[in-house]
Amino acid sequence: MKLALFSDVHANLQALQACMAHARAQGATQMAFLGDMLGYGGSPAAVLDTIMHAVQEGAWIVRGNHDDLALHPPSDILHMGEQGAQWTHTQLAPVHLQFLEQLPLLSQHGSVLLVHASAHQPERWTYIENSVMAERSMTAASDIDPAIRYVFSGHVHHQSLYYLTPTAKLMRFVPQPGVPIPVPAHRQWLAIVGSCGQPRDGDVRAMYALYDAHNATMTFHRVAYDHPAAVQALQRSGMPSSFAERLEQGR
């Protein structure tokens with residue numbers, strides 16, 4: 001199995017299409033979507049249509065916090081994400097809402113656990129920004145099933161890899177794009193695959209990761225896509241200009 005992992009698409013159709021095409025060219029045999037398909041971007045219905053079709057063909061999926069917001073947008077606006085959620089909700093058909101309603105927070109497939117944020121209290125959408133939070137998620141995964149060796153998540157919008165050493169010390173590794181990393185199953189691993197649709201490191205290229213189960217490797221990718229078209233979709237959406245400016249700058 002070569003598992004392509006996409007997270008935080010954020011309604012960016014052009015980034016999603018480019019990453020999926022890249023993954024197929026890399027020989028991906030299975031796809032997984034790690035939540036936050038919606039929010040911020042200008043093509044929510046088209047992104048959901050694409051992902052729903054992939055799920056019908058066997059892709060795995062979990063729910064993210066912005067998917068929840070789009071499903072049940074708040075009446076009072078406190079931050080940018082909630083503002084985007086209100087507009088996004090108006091763009092969705094009943095079939096989209098039904099699809100979002102039934103999405104799980106966790107999805108286990110043998111030694112692999114998928115979750116948008118942390119496996120520890122996933123409904124709280126905790127950001128894994130350090131080794132303490134990573135270890136908590138990995139421990140929670142082991143509590144679910146000791147056979148879980150790989151936890152794959154998103155939410156943080158950058159790419160990183162955590163693992164336990166033979167002395168049970170947790171280490172963080174910052175991957176280089178396109179370079180396979182050995183991830184043998186005798187250790188436990190947590191990979192944050194990055195944001196497909198809204199990178200925030202100043203590099204506008206989309207992110208995703210590929211787990212090769214046969215060779216026990218993880219490869220983190222950056223993919224160029226039609227970034228101007230994604231920005232234009234936001235500019236035409238009627239949402240505040242700050243949404244398009246953020247995407248344009250990769251911030």
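Here is a short chat about helix packing, strands and a few backbone angles in this predicted model.

Reader: Before we start, what pLDDT do local features need here?

Author: Residues are numbered from 1 along each chain as its sequence is written, and side-chain values use heavy atoms, with hydrogens and water left out. This is a predicted model in which totals for chains, interfaces and linings use all residues, side-chain atom pairs count only at pLDDT 80 or more, and local features need pLDDT of at least 70.

Reader: OK, helices. How do H1 and H2 run relative to each other, roughly parallel or roughly antiparallel?

Author: Helices (H or I, at least four residues) and strands (E, at least two) are DSSP runs, numbered from the N terminus. Axes are lines fitted to C-alpha atoms, for helices over the stretch in contact, and angles run from 0 to 180 degrees between N-to-C directions. The axes of H1 (residues 13–25) and H2 (residues 44–56) come within 9 Å and cross at roughly 30 degrees. Angles under 35 degrees count as roughly parallel, over 145 as roughly antiparallel, 65 to 115 as roughly perpendicular and the rest as oblique, so H1 and H2 are roughly parallel.

Reader: And which residues of H1 make the contact with H2?

Author: H1 passes H2 in a left-handed crossing (left-handed if the near helix is turned anticlockwise from the far one by less than a right angle, right-handed if clockwise). Contact means heavy atoms within 4.5 Å. On the H2 side you'll find Ala46, Val47, Thr50, Ile51 and Ala54, and facing them from H1 are Leu13, Leu16 and Met20.

Reader: How many nonpolar residues does that contact of H1 with H2 have?

Author: Ala, Val, Leu, Ile, Met, Phe, Trp, Tyr, Cys and Pro count as nonpolar, Asp, Glu, Lys and Arg as charged, and the others, Gly among them, as polar. On that scheme the contact of H1 with H2 has no charged residues and 1 polar, and the nonpolar count is 7.

Reader: H2 also meets H5. Which residues of H5 are involved?

Author: The axes of H2 and H5 (residues 94–101) come within 11 Å and cross at roughly 55 degrees, so the two are oblique to each other. This crossing is left-handed. From H2 come Ala45, Leu48, Asp49, Met52 and Val55, and they meet Val95, His96, Phe99 and Leu100.

Reader: What about H7 and H8: which residues of H8 make their contact?

Author: H7 (residues 227–237) and H8 (residues 241–249) pack at an angle of about 170 degrees, with axes 8 Å apart, which means they are roughly antiparallel. The contact divides into 6 nonpolar, 2 polar and 1 charged residues. H7 brings His227, Ala230, Val231, Leu234 and Gln235, while H8 brings Phe243, Ala244, Leu247 and Glu248.

Reader: On to the sheet. Which strands stand at the edges of the open sheet of 6 strands?

Author: Two strands pair if DSSP finds at least two bridges between them. The open sheet has the order E3-E2-E1-E11-E12-E9, with mixed pairing. Each edge strand has a single partner strand, so one side of each is left without a neighbour in the sheet, and these strands are E3 (60–61) and E9 (181–182).

Reader: In E3, which residue is the bridge partner of Phe33?

Author: E2 (residues 30–33) and E3 run parallel, joined by 2 bridges. The partner of Phe33 in E3 is Ile61.

Reader: Which residues of E6 are buried?

Author: E6 (residues 150–153) runs parallel to E5 (residues 112–115), with 3 bridges joining them. Buried means under 20% relative accessible area, exposed over 50%, partly exposed in between (1.4 Å probe, protein chains only). Both faces of E6 are covered, with Tyr150 and Phe152 buried on one side and, on the other, Val151 and Ser153.

Reader: Any odd backbone angles? What is the relative accessible area of Asp8?

Author: Most residues other than glycine have a negative phi. Asp8 is not a glycine, yet has a positive phi of about 50 degrees. Asp8 sits in the loop between E1 (2–6) and H1, and is buried because its relative accessible area is 0%.

Reader: And what is the relative accessible area of Gln121?

Author: Gln121, a residue other than glycine, has a positive phi near 50 degrees. Its place is the loop between E5 and H6 (131–144). Gln121 counts as partly exposed because its relative accessible area is 35%.
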